[in-house]
Amino acid sequence: MAWGVTSARLSRLLSVIPQGSLAALMFWEGVKVVLSMVLLSLAMVAVPNLNWLALVAGLVFVLKVYWLAFLMLSRAAR
C-alpha cells in the first residue's frame with residue numbers, strides 16, 4: 001500500500017487534484033484488504049489447527065491501526 005500511494009503511476013497521475021489523492025489512497029486500501037482476504041484463505045489450507053478468532057482479531061487490529069495513525073498525525077499537524 002505504501003508503495004502504491006507514493007510511487008505508483010496511477011497515484012502520480014491522480015495526485016494532481018486533491019480528490020485524486022484520496023481516490024488513490026482508497027484504491028490501495030482496497031487492494032490491501034483484498035490481499036489480506038486472499039492470505040486468510042490460504043491460511044485455511046496451510047495451517048490445519050488455526051485459531052480463527054485470534055487471526056481475525058489481529059487482522060482487524062492491524063487494518064485499523066493505519067487509520068488511527070493517520071488520524072493522530074493529521075491532528076498533530078494542526
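In this predicted model, a nonpolar patch on the surface is formed by Leu22, Met26, Phe61, Val62, Val65, Tyr66, Trp67 and Phe70, which together have about 810 Å² of accessible area. At least two residues of this patch come from each of two helices, α3 (18-46) and α4 (52-76), and the helix that gives the most is α4, with 6 residues. One of the patch members, Val62, is found in helix α4 and is partly exposed, its relative accessible area being 43%. Trp67, also a member of the patch, counts as partly exposed because its relative accessibility of 31% falls between the limits of 20% for buried and 50% for exposed residues.

The wider setting of the patch is a protein with 4 helices and 0 strands, so that the pattern read along the sequence is α-α-α-α. Of the 78 residues in the protein, 17% are buried. The accessible surface of the protein comes to about 6,300 Å², and carbon and sulfur atoms account for 76% of this area. Among the contacts in the protein with a separation of 6 or more, 42% are made by residues that stand 24 or more positions apart.

Helix α3 can be checked for its length against a simple expectation. With 29 residues and 1.5 Å a residue, α3 should span 42 Å, and because its end C-alpha atoms are 42 Å apart, the expected and the computed values agree. The buried residues of this helix are Gly20, Ala24, Leu25, Trp28, Glu29, Lys32, Ser36, Leu40 and Ala43, a list that includes charged side chains as well as nonpolar ones.

Two of these buried residues, Glu29 and Lys32, meet through their side chains in a salt bridge, with a distance of 3.2 Å from N to O. This distance satisfies the rule for a salt bridge because the limit is 4 Å, and the count by this rule comes to 1 salt bridge. Glu29 and Lys32 are 3 residues apart in helix α3, which means that about one helical turn separates them.

Aromatic side chains were examined in a similar way, and the count comes to 2 aromatic pairs. In one of them, the ring centres of Phe27 and Trp28 lie 5.2 Å apart and the ring planes stand at 80°, so this pair is edge-to-face. The two partners differ in their burial, since Phe27 counts as partly exposed at 42% relative accessibility, whereas Trp28 counts as buried at 15%. In the pair of Trp67 and Phe70, the ring centres are 6.1 Å apart and the planes stand at 90°, so this pair is edge-to-face as well. Trp67 and Phe70 are 3 residues apart in helix α4 and are therefore separated by about one helical turn. Both of these residues also belong to the nonpolar patch described above.

Several residues show how parts of α3 and α4 are placed relative to one another. Ser36, which lies in helix α3, is buried because its relative accessible area of 15% is under the limit of 20%. When residues up to four places away in sequence are not counted, Ser36 touches Leu59 and Leu63. Leu59 also appears in a comparison of positions with Met37, a residue placed in helix α3 and partly exposed at a relative accessible area of 47%. Although Met37 and Leu59 are 22 residues apart in sequence, their C-alpha atoms are 9.6 Å apart in space.

A further example is given by Val56, which lies in helix α4 and is partly exposed, with a relative accessible area of 37%. Val56 and Leu40 are 16 residues apart in sequence, and the distance between them in space is 8.6 Å from C-alpha to C-alpha. Leu40 itself is one of the buried residues of α3, whereas Val56 is partly exposed.

Technical notes
Residues are numbered from 1 along each chain as its sequence is written. This is a predicted model: local features need pLDDT of at least 70, side-chain atom pairs count only at pLDDT 80 or more; totals for chains, interfaces and linings use all residues. Side-chain values use heavy atoms; hydrogens and water are left out. Patches are made of residues with over 30% relative accessible area and no salt bridge: like charges are joined within 9 Å, nonpolar side chains (Val, Leu, Ile, Met, Phe, Trp, Tyr) within 5 Å. Accessible areas come from the Shrake-Rupley method with a 1.4 Å probe; for residues, only the protein chains shown count as cover. Buried means under 20% relative accessible area, exposed over 50%, partly exposed in between (1.4 Å probe, protein chains only). Contact means heavy atoms within 4.5 Å. Rings of Phe, Tyr and Trp (its six-membered ring) pair if their centres lie within 6.5 Å; planes under 30 degrees apart count as stacked, over 60 as edge-to-face and the rest as tilted. The expected span of a helix is 1.5 Å times one less than its number of residues.
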